[in-house]
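Morning, everyone. I have one structure to walk through, and I will keep it brisk.

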Amino acid sequence: MSNARQYPNAVELNHTVVHARDRGLSAEFLAVVLGLEVGAPFGPFLPVDLGNGVTLDYYAMTDEPIQPQHYAFLVPEERFEGMIARLEAVGVTYYADPHHTEPGRINRLFGGRGAYFADPDGHNMEIMTRPYVRP
Ligand SMILES: [Fe+2]
């Protein structure tokens with residue numbers, strides 16, 4: 001469901017482009033970890049629909065270095081364990097902190113659970129079950 005119903009006056013993020021050396025590899029990696037599907041190619045983009053009206057469009061960037069970005073996903077509490085299990089299954093280390101100094105641990109920020117991991121291109125991915133509480 002779109003956030004539009006909950007926040008009728010909101011401007012919603014609809015899609016963004018994620019640079020990858022191999023768009024198929026990186027899109028599949030995220031989809032597997034989060035329990036999502038890779039969509040059909042849309043021109044140069046390979047979409048991963050997050051199920052909330054937002055699409056990540058993976059785009060192959062092969063002619064210049066990829067600048068790592070940070071992508072944070074608010075995930076259902078009951079799906080968090082499965083995501084951690086799939087990271088372990090594919091041999092990707094997760095961390096409790098954004099600087100990746102606490103391997104194999106999750107955090108308990110804001111009364112939820114969270115973890116960080118790198119995708120195949122070094123993008124710093126975050127999963128969390130509670131949103132940040134901002135002042
Ligand atoms: Fe974050």
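I will take the annotated domain, then one helix and its packing, then one loop.

Keep in mind that this is a predicted model. The UniProt record, an unreviewed entry, puts a VOC domain at residues 12-130. That span is 21% helix and 29% strand. Its end C-alpha atoms lie 19 Å apart.

Now helix H1, residues 23-34. Does its length make sense? What should 12 residues span at 1.5 Å a residue? The expected figure is 16 Å. The end C-alpha atoms of H1 are 16 Å apart, so the two agree. Right after H1 comes Gly35, with a positive phi near 75 degrees.

Which residues of H1 are buried? Arg23, Ser26, Ala27, Phe29, Leu30, Ala31 and Val33. Note that an arginine, Arg23, is among them. Remember the helix repeat: 3.6 residues a turn, so positions three or four apart point the same way. What covers the buried residues of H1? The cover includes three strands, S1 at 15-20, S2 at 45-49 and S3 at 55-60. It also includes helix H2, at 77-89.

Let me stay with that helix pair. The axes of H1 and H2 are 7 Å apart, and the packing angle is about 135 degrees. That angle is why H1 counts as oblique to H2. H1 brings Val32, Val33 and Leu34 to the contact. H2 brings Met83, Arg86 and Leu87. By class, that contact has 5 nonpolar residues, 1 charged and no polar ones.

Next, the loop between strands S5, at 94-95, and S6, at 114-118. Three residues there are worth a look.

Start with Ile106, which lies in this loop. Is Ile106 buried or exposed? Ile106 has 20 C-beta neighbours inside 10 Å, so it counts as buried. Leaving out residues up to four places away in sequence, Ile106 touches Ile84, Ala96, Arg113, Gly114 and Ala115. For a longer distance, take Phe73, 33 residues from Ile106 along the chain. Their C-alpha atoms are separated by 15 Å.

Then the backbone. Most residues other than glycine have a negative phi. His100 is not a glycine, yet its phi is positive, about 60 degrees. Phe110 is not a glycine either, and its phi is positive, about 55 degrees. His100 sits in the loop between S5 and S6, and so does Phe110.

How exposed are they? His100 has 14 C-beta neighbours inside 10 Å, so it counts as partly exposed. Phe110 has 13, and therefore also counts as partly exposed.

That is my tour. Over to you.

Key:
Residues are numbered from 1 along each chain as its sequence is written. This is a predicted model: local features need pLDDT of at least 70, side-chain atom pairs count only at pLDDT 80 or more; totals for chains, interfaces and linings use all residues. UniProt positions are given in the numbering used here, feature names are shortened, and annotations may be inferred rather than shown by experiment. Helices (H or I, at least four residues) and strands (E, at least two) are DSSP runs, numbered from the N terminus. The expected span of a helix is 1.5 Å times one less than its number of residues. A residue is buried if 20 or more other C-beta atoms lie within 10 Å of its own, exposed if 12 or fewer, and partly exposed in between; C-beta atoms are placed from the backbone. Two residues are in contact if their C-beta atoms, placed from the backbone, lie within 7 Å. Axes are lines fitted to C-alpha atoms, for helices over the stretch in contact, and angles run from 0 to 180 degrees between N-to-C directions. Angles under 35 degrees count as roughly parallel, over 145 as roughly antiparallel, 65 to 115 as roughly perpendicular and the rest as oblique. Ala, Val, Leu, Ile, Met, Phe, Trp, Tyr, Cys and Pro count as nonpolar, Asp, Glu, Lys and Arg as charged, and the others, Gly among them, as polar.
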